[in-house]
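Student: Please take me through one part of this structure closely. I would like to see how its core is put together and what surrounds it.

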Amino acid sequence: MQARDLIELTGLPNNASAIEIGPGEGYYLPELARRFTQVHAIDNSLAMLELAKKHVSQKRLNNIHFIHGDASVAIEQQLTADFIACLMVLHHIPSPHIIFEQSAQLLNPNGYMLVAELCHHDQGLSLIHISEPTRLLSI
């Protein structure tokens, strides 16, 4: 199953919005930009954010807003989204639970969060989940 398939499982409407926390070089952003009307890319590394901007500009996507900082900056800006992606980010963060606490503030009611992370022992994909307040779909 590919990432676009996971997004479609949500059944979110065409006018939904998304946030990607830690987009890195921006490889997942085009997928989000094609599916969501507005996308916010949040990264605390200015160098990575610049690489993501470059990647997106080559694809001529204009519905992505870039934010330098962590998710607390988006909270301060009172941003919300219907879908949050956090892909291969948690292992870079000293206290990963903070991402979930912040995402809960950013996620609209009945929204979804996609988390994918690496496993320390073999660097294989260990977790892909789409969650909502009452259900957790594990794939």
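Tutor: What follows goes from the whole chain to the core, then to single residues and the pocket.

This is a predicted model. The chain has 139 residues, and 46% of them count as buried. Its secondary structure comes to five helices and seven strands. Along the sequence the order is α-β-α-β-α-β-α-β-α-β-β-β. Take the contacts between residues at least 6 apart in sequence: 57% of them join residues at least 24 apart. The exposed surface is about 7,700 Å², with 52% supplied by carbon and sulfur atoms.

Now the core. In soluble globular proteins, nonpolar side chains tend to be buried together. The largest nonpolar core here holds 23 residues. Its members that touch the most other members are Y28, L29, L32, F36, I64, F66 and F83. Several elements each supply at least two residues of this core: α1 (3-9), α2, β2, α3 (46-58), β3 (64-68), β4 (81-87) and β5 (107-118). Apart from this core lies another, of 16 residues. Among its members are I21, I42, I84 and V89.

Look at F36, one of the well-connected members of the largest core. Leave out residues up to four places away in sequence. F36 then touches I7, L12, A16, S17, A18, N63 and F83. F83 is also on the list of members that touch the most others. Two of the partners of F36, A16 and S17, deserve a closer look.

A16 sits in the loop between α1 and β1. A16 has a relative accessible area of 0%, so it counts as buried. Beyond its sequence neighbours up to four places away, A16 touches F36, T37, Q38 and D82. The pair A16 and Q38 is 22 residues apart in sequence, yet 7.4 Å apart in space, C-alpha to C-alpha.

S17 lies in strand β1 (residues 17-21). S17 is buried because its relative accessible area is 11%, under the 20% cut-off. With residues up to four places away set aside, S17 touches F36, Q38, T80, A81, D82, F83 and N108. F36, Q38 and D82 are contacts of A16 and of S17.

Next, α2. E31 is found in this helix, which spans residues 29-35. Is E31 buried or exposed? At 19% relative accessibility, E31 counts as buried, because the cut-off is under 20%. Outside its neighbours within four places in sequence, E31 is in contact with R4 and I7. I7 is a contact of F36 as well.

Strand β3 offers another view. H65 lies in this strand. At 39% relative accessibility, H65 is above the buried range and below the exposed one, so it counts as partly exposed. Neighbours within four places in sequence aside, H65 is in contact with V39, H40 and A41. H65 and I42 are 23 residues apart in sequence and 8.6 Å apart in space, C-alpha to C-alpha. I42 belongs to the 16-residue core.

Two residues stand out for their backbone. Q78 has a positive phi of about 60 degrees although it is not a glycine. Q78 is in the loop between α4 (71-76) and β4. At 69% relative accessibility, Q78 is exposed, since the cut-off is over 50%. N110 is not a glycine either, and its phi is positive, at about 65 degrees. N110 lies in strand β5. N110 counts as exposed, with a relative accessible area of 57%.

Last, the empty space. Rolling a probe the size of a water molecule over the atoms shows where empty space is left. About 410 Å³ lies in the largest pocket. Its lining has 20 residues, and D43, N44, V89, H92 and I93 lie nearest the pocket centre. Two elements give two or more residues to that lining: β2 (38-43) and α5 (97-106). The largest share, three residues, comes from α5. By type, the lining divides into ten nonpolar, eight polar and two charged residues. V89 links this part to the cores: V89 is among the residues nearest the pocket centre, and among the members of the 16-residue core.

Note on methods
Residues numbered from 1 in each chain as written. Predicted model: local features only at pLDDT ≥ 70, side-chain atom pairs only at ≥ 80, totals over all residues. Heavy atoms only, no water. Helix = DSSP H or I, 4+ residues; strand = E, 2+ residues; numbered from the N terminus. Buried < 20%, exposed > 50% of the residue type's maximum accessible area, 1.4 Å probe, protein only. Contact = heavy atoms within 4.5 Å. 1 Å grid on protein atoms, 1.4 Å probe; cavity = no way out; pocket = protein on both sides within 12 Å on 5 of 7 lines; lining within 4 Å. Points joined across faces, edges and corners; volume = space filled by probe spheres on them. Nonpolar A, V, L, I, M, F, W, Y, C, P; charged D, E, K, R; others polar. Core = buried A, V, L, I, M, F, W, Y, C linked by side-chain atoms within 4.5 Å. Areas by Shrake-Rupley, 256 points an atom, 1.4 Å probe, with all protein chains shown as cover.
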